[in-house]
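Reader: I should like to learn how to read the features of this structure. Would you take me through them in turn?

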There are 2 protein chains.
Amino acid sequence: MGIVRKTQSVQIVLDEFRKNSTAISAVHLVTQLSTKLNKSTIYRILDKLEDDGVLHSFMGKDGVKRYAKCQNCNKTTHTDNHPHFQCTICGKINCLQVNVSLPDIPDYSVTSYQVFIQGKCKECL
Amino acid sequence: MGIVRKTQSVQIVLDEFRKNSTAISAVHLVTQLSTKLNKSTIYRILDKLEDDGVLHSFMGKDGVKRYAKCQNCNKTTHTDNHPHFQCTICGKINCLQVNVSLPDIPDYSVTSYQVFIQGKCKECL
DNA sequence: TCTATATTTGCAACTTAGTTGCATTAACAA
DNA sequence: TTGTTAATGCAACTAAGTTGCAAATATAGA
């Protein structure tokens with residue numbers, strides 16, 4: 001359904017993404033905000049913010065869902081063909097501002113794709 | 001530690017991958033083989049087969065771990081820069097025999113990456 | 001500003017994927 | 001054939017995420 005009311009809870013969640021440019025896991029937010037917000041509330045807000053195109057989500061190799069701010073997305077158009085990069089040293093996940101293009105794939109019609117990269121980030125190199 | 005004994009249980013699990021060329025989720029195997037094998041056994045065998053390079057694993061958008069046969073992998077070298085394709089109609093996930101290459105990424109050193117594609121497969125088009 | 005209404009929140013209980021410790025069973029080398 | 005060691009089953013557990021419902025709160029309209 002998306003966000004319909006600008007509640008305090010929504011502001012608190014959004015503040016975390018303003019502070020932090022890296023992707024944040026749902027679990028991390030739940031523990032981080034445990035004194036301010038309830039678990040269910042956080043999951044529900046994240047869902048709605050994703051609906052609205054404010055955030056986008058992806059699964060980590062660990063099976064934990066992560067969210068990051070969308071750059072140029074809204075409710076109808078979501079451009080998420082940018083890769084996510086996880087540093088194997090510090091663990092941080094960032095959205096990369098590069099476009100990965102796929103080769104031609106016979107017998108399949110592609111509608112969307114995600115790229116997940118592992119390696120070392122500038123700080124850890 | 002990898003597989004050290006060719007037990008019946010290992011054969012039963014491998015048979016499922018012989019029957020099926022698509023990726024299989026851990027949960028699916030657990031229910032499929034519930035009369036023959038215990039849940040823990042299946043998870044442990046999958047882990048070991050992945051260790052040995054017989055299978056490779058990846059996370060679905062649903063947070064469920066899936067496994068597929070490796071083509072040219074062994075314990076030491078694992079080449080998994082082939083994409084996984086999930087059909088949005090039939091839900092099946094296949095390994096594509098195409099190589100996706102990444103553009104040059106400044107400030108990062110890449111060690112591995114995964115590509116996950118959604119769309120329609122030949123059968124469902 | 002006040003009020004009615006519909007959305008949002010907190011809570012507790014639940015679901016589901018995956019893990020662990022331990023006693024028993026089964027491979028397999030000698 | 002047997003002793004050793006890995007593999008298995010079981011039951012209990014963990015951790016991420018979901019759900020139903022009653023109470024709280026944002027907001028449109030009076």
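Author: The turns below treat the protein interface, the strands, the DNA surfaces and the salt bridges.

Reader: On what basis are features reported for this predicted model?

Author: This is a predicted model, in which local features need pLDDT of at least 70 and side-chain atom pairs count only at pLDDT 80 or more, while totals for chains, interfaces and linings use all residues. Residues are numbered from 1 along each chain as its sequence is written, chains are lettered from A and ligands numbered from 1 in the order in which they are written, and side-chain values use heavy atoms, with hydrogens and water left out.

Reader: How is the size of an interface expressed?

Author: The size is often given as the accessible area lost when the parts come together. Buried area here is the accessible area (1.4 Å probe) that two parts lose on being put together, summed over both. Between chain B and chain A about 2800 Å² is buried, and carbon and sulfur atoms give 61% of that area. On the side of chain B, the residues that lose the most area to chain A are B:Lys61, B:Tyr108 and B:Gln114, together 21% of what that side buries. Counting contact as heavy atoms within 4.5 Å, chain B and chain A contribute 33 residues each.

Reader: How many polar contacts and salt bridges link chain B and chain A?

Author: A polar contact is a pair of N or O atoms within 3.5 Å; within protein, one must be able to donate a hydrogen and the other to accept it, and residues adjacent in sequence count only if both atoms are side-chain atoms. Across this interface, 14 residue pairs are in polar contact, both residues being at pLDDT 80 or more. A salt bridge is a side-chain nitrogen of Lys or Arg within 4 Å of a carboxyl oxygen of Asp or Glu. Two salt bridges are counted between chain B and chain A, including one that joins the side chains of A:Lys122 and B:Asp107 (3.6 Å, N to O).

Reader: Which elements give two or more residues to the side of chain B that touches chain A?

Author: Helices (H or I, at least four residues) and strands (E, at least two) are DSSP runs, numbered from the N terminus. The elements in question are strand E2 (55–59) and strand E6 (109–120) of chain B. E6(B) gives the most, with 12 residues.

Reader: How do strands pair in a sheet?

Author: Strands of a sheet pair through backbone hydrogen bonds, either parallel or antiparallel. Two strands are taken to pair if DSSP finds at least two bridges between them. Strand E6 (residues 109–120) of chain A pairs with E6(B) in the antiparallel sense over 11 bridges, and A:Val115 has B:Val115 as its bridge partner there.

Reader: What is the strand order of the open sheet in chain B?

Author: The order of its three strands is E1-E3-E2, with antiparallel pairing. Strand E1 (24–25) and E2 of chain B stand at the edges with a single partner strand each, so one side of each is left without a neighbour in the sheet. E2(B) is joined by five bridges to strand E3 (residues 65–69) of chain B; B:Met59 has B:Lys65 as its bridge partner in E3(B).

Reader: Which residues come closest to DNA strand D?

Author: A residue is near a molecule or strand if one of its heavy atoms lies within 4 Å of it. DNA strand D is surrounded by 22 residues, the closest being B:Val4, B:Arg5, B:Thr7, B:Ser9 and B:Thr41. Of the atoms of DNA strand D that come within 4 Å of the protein, 57% belong to sugar and phosphate. An N or O atom in the side chain of B:Thr7 is 2.6 Å from a phosphate oxygen of DNA strand D, and a backbone N or O atom of A:Lys6 lies 3.1 Å from a phosphate oxygen of that strand. H3(B) supplies the largest share of this surface, five residues.

Reader: Which residues come nearest to DNA strand C?

Author: Among 22 residues around DNA strand C, the nearest are A:Val4, A:Thr7, A:Ser9, A:Thr41 and B:Tyr43. Sugar and phosphate make up 55% of the atoms of DNA strand C that come within 4 Å of the protein. The side chain of A:Ser9 has an N or O atom 2.9 Å from a phosphate oxygen of DNA strand C, and a polar backbone atom of A:Asn38 is 3.0 Å from a phosphate oxygen of that strand. The largest share of this surface, five residues, comes from H3(A).

Reader: How many salt bridges does the structure hold over all chains?

Author: The structure holds eight over all chains. One of the salt bridges joins A:Glu16 and A:Lys19, with the closest N and O atoms 2.9 Å apart. Both residues lie in helix H1 (residues 8–19) of chain A, three residues apart, about one turn of the helix.
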